[in-house]
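Trainee: I would like to learn how to read the inside of a protein model, feature by feature. Could we go through one together, with the general idea set beside the case at hand?

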Amino acid sequence: MTTRPIRQATPEDNAALCRLAAQPMPGAIALSYPHEPDFLRGEALKGDAVHTFVLPFADGTPAGTGTVAVRHVYWNGQASRIGYLGGLRSFPEARRRLGLFQAYRFLHELDRHVDVPFYFTTIVDANHEAHRLLTSRRAGLPEYRPAGSIRSFAITANALRRHCRHAAGAVACGSADWEELRDFYRDGAGGGRQLFPVFPDAPTAWLQPECMLVCRRHGRIVAAAALPDLSDRRQIRVHAYHPWLRRGRKGVNLAARVLGYPELPAPATDLPHRYLARMLIHGNDPEIFAALLAHAAERLQSELLFLALHEADTLQRVLRRIPTWSCRSTLYYVFTGASPEAMDGVPYFELAEI
């Protein structure tokens, strides 16, 4: 395979990058994550400053792509600029190590300009080849240091209503003006979680007042989260099922309806979903978290609720009693230079921004 040097993505790459994002990933359920109709608009969710690059074929069309983003997050209680690596993908005919190593040489060049102490990323646990290759330190690859497991959950509104209804009366669900929300988030400093996003001074393209959930106790905010609909930027598409799962899908769905698990949709359909984002719970109180989930269910119709928690996050205990589909990824801190000595604390992972 002959390629040209890596370059920044441009709007002229959109059609090819949209086709690339729609390529299904192998597995018992073949999924893709399209960014339709505008690939770069979907990638813009990844951070406050986003750099999307392409590895072109010899004719200049994209053979692969990846994104380096800078996020304003809390690290050790202080607002900091930390890098995020995501969206690394390529067409099958371009999946050669040379392209990957070129991509990381590009990262080293870009690293001089983005000015962050380190990056973070996740790799799905089932992707054994990516884990093996990216942690090999070969040909100038940066250090990938594992930082625990991230579990991503898909939950139906009915399951939330059934299992969290008892907690709904513990708080009052309402609204708040942006300044009050900003003060709540900034006073909470991410609830002590590493990588929790700094709340913006003003609404953003996707973080709007109408998508915010607010829970109060005695008039004070005790929990807040966003419930955005990002389907106009990114989608999750089911392409096909493994033969054994395809044959048993009707039976699986019958059991799912009875037990409250998400059903398996027909192939070639998009999963309707919302993300529970910017979750901040006063004192990380599980009962308040359950109440927040109950109030989130009130805004859902047929959509699934998606969220992610680190394995060390105590809020996971609430989800253990709720029927969910889940998958595991490994969180990595990535270092292109010297690494900070102290890397402690429970990380927060924003599923809406991967």
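**Reading the interior**

Mentor: Let us begin with a single residue, Cys215, which lies in strand S10 (residues 212-217). Please keep in mind throughout that this is a predicted model.

Trainee: Is Cys215 buried or exposed?

Mentor: The general idea is that a residue counts as buried when its relative accessible area is under 20%. Cys215 has a relative accessible area of 0%, and it is therefore buried.

Trainee: Which residues does Cys215 touch, not counting residues up to four places away in sequence?

Mentor: Cys215 touches Val171, Ala172, Arg220, Ile221, Val222, Ala223, Leu292 and His295 on that count. A distance can be read in the same spirit, for Cys215 and Ala168 are 47 residues apart in sequence, while their C-alpha atoms are 9.6 Å apart in space.

Trainee: Leu292 and His295 were among those contacts, so how should I read helix H8, and how many of its residues are buried?

Mentor: The general idea is that an α-helix has 3.6 residues a turn, so residues three or four places apart point the same way. In this structure, H8 is mostly covered, with 10 of its 14 residues buried. Those buried residues are Ile288, Phe289, Ala290, Ala291, Leu292, Leu293, Ala294, His295, Ala296 and Ala297. The length of H8 can be checked as well, because at 1.5 Å a residue its 14 residues should span 20 Å, and its end C-alpha atoms are 21 Å apart, which agrees.

Trainee: How many residues are in the largest nonpolar core, and which of them have the most contacts inside it?

Mentor: The largest nonpolar core has 85 residues, and those with the most contacts inside it are Leu276, Phe289, Leu293, Leu307 and Tyr333. Helix H8 (residues 286-299) supplies the largest share of this core, 9 residues. A second core of 17 residues is separate, and includes Val68, Leu110, Ala130 and Tyr332.

Trainee: Which residues is Tyr333 in contact with, leaving aside its neighbours within four places in sequence?

Mentor: With those neighbours left aside, Tyr333 is in contact with Trp75, Phe118, Tyr119, Phe120, Glu143, Tyr144, Arg145, Ala147, Leu195, Met343 and Pro347.

Trainee: Leu195 is on that list; where does Leu195 lie, and what is its phi?

Mentor: Leu195 is placed in the loop between helix H6 (178-188) and strand S9 (196-197). Its phi is positive, about 75°, although Leu195 is not a glycine. Leu195 counts as buried, because its relative accessibility is 4%. Asn76 is another non-glycine residue with a positive phi, here of about 55°, and Asn76 is found in the loop between strand S4 (62-75) and strand S5 (78-90). Asn76 is partly exposed, with a relative accessible area of 49%.

Trainee: What kind of peptide bond joins Glu36 and Pro37?

Mentor: The backbone angle to read here is omega, which is about 10° for the bond joining Glu36 and Pro37, a cis peptide bond. Pro37 lies in the loop between strand S2 (29-32) and helix H2 (39-43).

Trainee: How many cavities of 30 Å³ or more does a search of the whole structure find, and what lines the largest cavity?

Mentor: The search finds 2 cavities of 30 Å³ or more. The largest cavity holds about 50 Å³ of space, and its lining consists of Gly190, Arg193, Met279, Leu280, Ile281, Asn284, Leu309, Asp313, Leu315 and Tyr348. By class, that lining has 6 nonpolar, 2 polar and 2 charged residues, and the largest share of it, 3 residues, comes from strand S15 (residues 277-281).

Trainee: Which residues line the second largest cavity?

Mentor: The second largest cavity, with about 30 Å³ of space, is lined by Arg71, Phe120, Leu195, Pro197, Tyr348, Phe349, Glu350 and Glu353. By class, this lining has 5 nonpolar, no polar and 3 charged residues.

Trainee: Is Glu350 buried or exposed?

Mentor: Glu350 is buried, with a relative accessible area of 3%, and lies in the segment after strand S17 (325-335). Leaving aside neighbours within four places in sequence, Glu350 is in contact with Pro197, Leu276, Ala277 and Arg278.

Key
Residues numbered from 1 in each chain as written. Predicted model: local features only at pLDDT ≥ 70, side-chain atom pairs only at ≥ 80, totals over all residues. Heavy atoms only, no water. Core = buried A, V, L, I, M, F, W, Y, C linked by side-chain atoms within 4.5 Å. Buried < 20%, exposed > 50% of the residue type's maximum accessible area, 1.4 Å probe, protein only. Helix = DSSP H or I, 4+ residues; strand = E, 2+ residues; numbered from the N terminus. Contact = heavy atoms within 4.5 Å. 1 Å grid on protein atoms, 1.4 Å probe; cavity = no way out; pocket = protein on both sides within 12 Å on 5 of 7 lines; lining within 4 Å. Points joined across faces, edges and corners; volume = space filled by probe spheres on them. Nonpolar A, V, L, I, M, F, W, Y, C, P; charged D, E, K, R; others polar. Expected span 1.5 Å × (residues − 1).
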